[in-house]
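Hi,

Here is the structure I promised to pass on to you. Have a look at it first, and then read on for what turned up when I went through it.

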Amino acid sequence: MTRQYSVVAINGSPHEGFGNTSQMVAMLGEHLSREGFDLEEVFLSQHNIGYCTGCATCLETGACWVRDDYNPVVRKVLEADAVILASPVYFFNVTAQMKTFLDRSLGYGHRPRGEWKPGLAVCASAGYGETSVVDYLSRVLRAFGAFPVGRFTAIAVGPGEFIGREAVEARAADLARDLVRAVKEGRRYPATDQDLGYWHFMSHLIKENQDFMVADVEHWQELGLFKSF
């Protein structure tokens, strides 16, 4: 029996299904489905996810204590074979919905995963900011144990009014194929200078705050990361 792979796309756009970001995810999904991959698109605007309060409970216990939709959504991300983070540009950055979700994921950003999987960062803009935002989303993928196999950007103002639509659709096909190959072949991408710099910083931060970053310390010790860095 052929294994069915799962891909979860977290969409920060409030324009569910018809916005340009959703259309870009749909382009990817069309090619993923041909390869036997199930794509589940999660619209954050449909979920009750509150702001991070900065209480640091996730660093002490390993999970967020707030009882809303965050934990069920992030569980989908962690359990998927591949992850897509998608957002349009709103005022030089991701939407408020996406930023709230990512802020609540702080604890995962402190604890590198023992297993890694491929991911994609997707961003649409009206003509400014999509490259910097997609770079941000690519870096944040690491918090969920994912590494970016590519970045998918496009420019459009009205729904579906993509500049160079044929090129956008061709890019979606290429990235979907790359994602499929990365999952099936168990690919790993090498660490970057940003990765090493970040984890060196995090190693020092956790060592200096062991009294309340209890879950972080246990995670790093279990994986032998303090010795590695």
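Which residues does S125 touch, not counting residues up to four places away in sequence? They are V89, E130, A154, I155 and A156. Before I go further, please keep in mind that this is a predicted model.

S125 is a good place to begin. The residue is found in strand β4, and with a relative accessible area of 3% it is buried. Its side chain also reaches the backbone nitrogen of Y128, at 3.2 Å. I come back to Y128 further down, among the aromatic rings.

The strand around S125

Is β4 largely enclosed or open? Nine of the nine residues of β4 are buried, so the strand is largely enclosed by the rest of the structure. Residues K117, G119, A121, C123 and S125 point one way from the strand, while P118, L120, V122 and A124 point the other way. Both sets are buried.

β4 has a partner strand in β3 and another in β5. With β3 it runs parallel, joined by six bridges; as an example, I84 has L120 of β4 as its bridge partner. With β5 (residues 146-155) it also runs parallel, and here nine bridges do the joining. One of the residues to look up on this side is G119, whose bridge partner in β5 is P148. Together, β4, α6 and β5 make a right-handed β-α-β unit.

N20 and its surroundings

A residue of β4 turns up again in the contacts of N20, which is found in helix α1 (residues 20-34). N20 has a relative accessibility of 11% and therefore counts as buried, the cut-off being under 20%. Leaving out residues up to four places away in sequence, N20 touches A124, A156, V157, G158, P159, G160, E161 and F162. Within that list, G158 has a polar contact to offer: its backbone oxygen lies 3.3 Å from a polar atom of the N20 side chain.

Aromatic rings

A pair of aromatic rings is described by the distance of the centres and the angle of the planes. By the rule used here, the count comes to nine aromatic pairs. F91 and F92 form one that is tilted, with 5.4 Å from centre to centre and 35 degrees between the planes. F91 is exposed, at 75% relative accessibility, and F92 is exposed as well, with a relative accessible area of 56%.

F92 also pairs with Y128, this time edge-to-face, with 6.1 Å from centre to centre and 75 degrees between the planes. What parts of the chain does this pair link? They are distant parts: F92 sits in the loop between β3 (82-88) and α4 (96-103), and Y128 in the loop between β4 (117-125) and α6 (130-140), 36 residues apart. Y128 is exposed, with a relative accessible area of 63%, whereas S125, whose side chain reaches the Y128 backbone nitrogen, is buried.

Elsewhere, ring pairs link Y198, W199, W220 and F226 into a cluster. There is a charge over a ring to look at too: R111 lies over the face of Y108, at 5.9 Å from the ring centre.

Helix α9

W220 from that cluster is one of the buried residues of helix α9 (residues 214-222), along with A215, D216, V217 and H219. What do the buried residues of α9 pack against? Their neighbours are α2 (57-61), α5 (106-110), α8 (193-208) and α10 (225-228). Just after α9 comes G224, which takes a positive phi of about 70 degrees.

And a last residue, Q97

Q97 is found in helix α4. How does it rank for accessibility? Q97 counts as partly exposed, at 27% relative accessibility. Not counting residues up to four places away in sequence, Q97 touches G12, P14, L44 and S45. If you would like a distance to check in your viewer, the C-alpha atoms of Q97 and D178 are separated by 28 Å, and the two residues are 81 residues apart along the chain.

Happy browsing, and do write back with any questions.

Best wishes

Terms used: Residues numbered from 1 in each chain as written. Predicted model: local features only at pLDDT ≥ 70, side-chain atom pairs only at ≥ 80, totals over all residues. Heavy atoms only, no water. Phe/Tyr/Trp six-rings, centres within 6.5 Å; stacked < 30°, edge-to-face > 60°. Buried < 20%, exposed > 50% of the residue type's maximum accessible area, 1.4 Å probe, protein only. Helix = DSSP H or I, 4+ residues; strand = E, 2+ residues; numbered from the N terminus. Lys NZ or Arg CZ within 6 Å of the ring centre and 35° of its normal. Pairing = 2+ DSSP bridges. Right-handed = clockwise from strand over helix to strand, strands pointing away. Polar contact = N/O pair within 3.5 Å; in protein donor to acceptor, adjacent residues only side chain to side chain. Contact = heavy atoms within 4.5 Å.
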